Amino acid sequence: MILGIIFILISIDLIGLAFRKLGFPPQYSVLLLFLSLIGSYVNIPIKEITSREPVISGRILDYYWFRYVIPPLEVERRTIIAVNLGGGIIPVLVSGFLITMVNPVDVLVGVFVMTVFIHMMARPVKGLGIAVPALLPPIAAAGLALWISPQNAPVIAYISGTLGSLIGADC
């Protein structure tokens, strides 16, 4: 269903229009979109963290004249910290390219404000990672970009939304 929606958006040139507003030629819009989609399945491991969690911690059982101490039992849990190609590396590279097109002070202000905003909303979810409400960051980035620099709003919104989300959620 999502793939069908993407093809409809491509056919009415909505995605191409968005990328043109960012300063990319139309032929790169579909390429960047599909690289991001395919890259979202690629995680590059950075570090593995091992922790030991006690499950039973040395309880004593008393049965009349018999006393038994349950030895502590620990479970080893491993967490792999990884960077996603489609959701991390490609958007950062695109942002790096776009930074050269606008005032760096506007970019710094936008990224700083979005980083603080995202950091306030981000919550760790056990077994999932860090969760942020889905639509609030892009809406906030668009509004902030219109306030900072209306003439460069699409570029500022993309950069501050992308980098602010990545930095703010992981700090």
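Q: Does Asn152 count as buried, exposed or partly exposed?
A: The relative accessibility of Asn152 is 24%. This is a predicted model, and the value is computed from its atoms. Buried would require under 20%, and exposed over 50%. Because 24% falls between those cut-offs, Asn152 counts as partly exposed.

Q: Where does Asn152 lie?
A: Helix α6 covers 136-148. Asn152 sits between α6 and α7, in neither helix. Its place is therefore the loop between α6 and α7.

Q: How many Å apart in space are Asn152 and Asn103, C-alpha to C-alpha?
A: The two asparagines are 49 residues apart in sequence. In space, the C-alpha atoms of Asn152 and Asn103 are separated by 9.0 Å.

Q: How many helices and strands does the secondary structure of the protein come to?
A: From the N terminus, the order is α-α-α-β-β-β-β-α-α-β-β-α-α. The chain thus opens and closes on helices. The totals are seven helices and six strands.

Q: What share of contacts between residues at least 6 apart in sequence join residues at least 24 apart?
A: The protein has 171 residues, and 27% of them count as buried. Its accessible surface comes to about 11,700 Å², with 70% belonging to carbon and sulfur atoms. Among contacts between residues at least 6 apart, the share joining residues at least 24 apart is 62%.

Q: Is Ile159 buried or exposed?
A: Ile159 belongs to helix α7. Its relative accessible area is 0%. Buried means under 20%. Because 0% meets that cut-off, Ile159 is buried.

Q: Which residues does Ile159 touch, not counting residues up to four places away in sequence?
A: One nearby reference point is Ala145, 14 residues away along the chain, with 9.5 Å between its C-alpha atom and that of Ile159. Ala145 is not on the contact list of Ile159. That list holds Ser95, Leu98, Ile99, Val102, Val107, Val111 and Gly164.

Q: Which element supplies the largest share of the largest nonpolar core?
A: The largest nonpolar core has 17 residues, and Phe24, Leu98 and Ile159 have the most contacts inside it. Helices α2, α4, α5 and α7 each supply at least two of its residues. Six residues, the largest share, come from α7.

Q: How many residues does the second, separate core have?
A: In soluble globular proteins, nonpolar side chains tend to be buried together. Here a second core stands separate, and its members include Met114, Ile118, Ala141 and Ala169. Its residues number eight.

Q: Is Thr162 buried or exposed?
A: Thr162 is in helix α7, residues 153-170. Its relative accessible area is 14%. Because that is under 20%, Thr162 is buried.

Q: Which backbone oxygen does the side chain of Thr162 reach?
A: Leaving aside neighbours within four places in sequence, Thr162 is in contact with Pro91, Ser95 and Ala157. The side chain also reaches a backbone oxygen at 2.8 Å. That oxygen belongs to Tyr158.

Q: At what angle do helix α3 and helix α4 pack?
A: Helix α3 covers residues 26-39, and helix α4 covers residues 85-99. Their axes are 7 Å apart. The angle between them is about 145 degrees.

Q: How do the residues of the contact of α3 with α4 divide into nonpolar, polar and charged?
A: From α3, the contact uses Leu32, Leu35, Ser36 and Gly39. From α4, it uses Leu85, Gly86, Ile90 and Val94. Gly counts as polar here. The division is five nonpolar, three polar and no charged.

Technical notes
Residues numbered from 1 in each chain as written. Predicted model: local features only at pLDDT ≥ 70, side-chain atom pairs only at ≥ 80, totals over all residues. Heavy atoms only, no water. Helix = DSSP H or I, 4+ residues; strand = E, 2+ residues; numbered from the N terminus. Buried < 20%, exposed > 50% of the residue type's maximum accessible area, 1.4 Å probe, protein only. Contact = heavy atoms within 4.5 Å. Areas by Shrake-Rupley, 256 points an atom, 1.4 Å probe, with all protein chains shown as cover. Polar contact = N/O pair within 3.5 Å; in protein donor to acceptor, adjacent residues only side chain to side chain. Axes fitted to C-alpha atoms, helices over the stretch in contact; angles between N-to-C directions. Core = buried A, V, L, I, M, F, W, Y, C linked by side-chain atoms within 4.5 Å.
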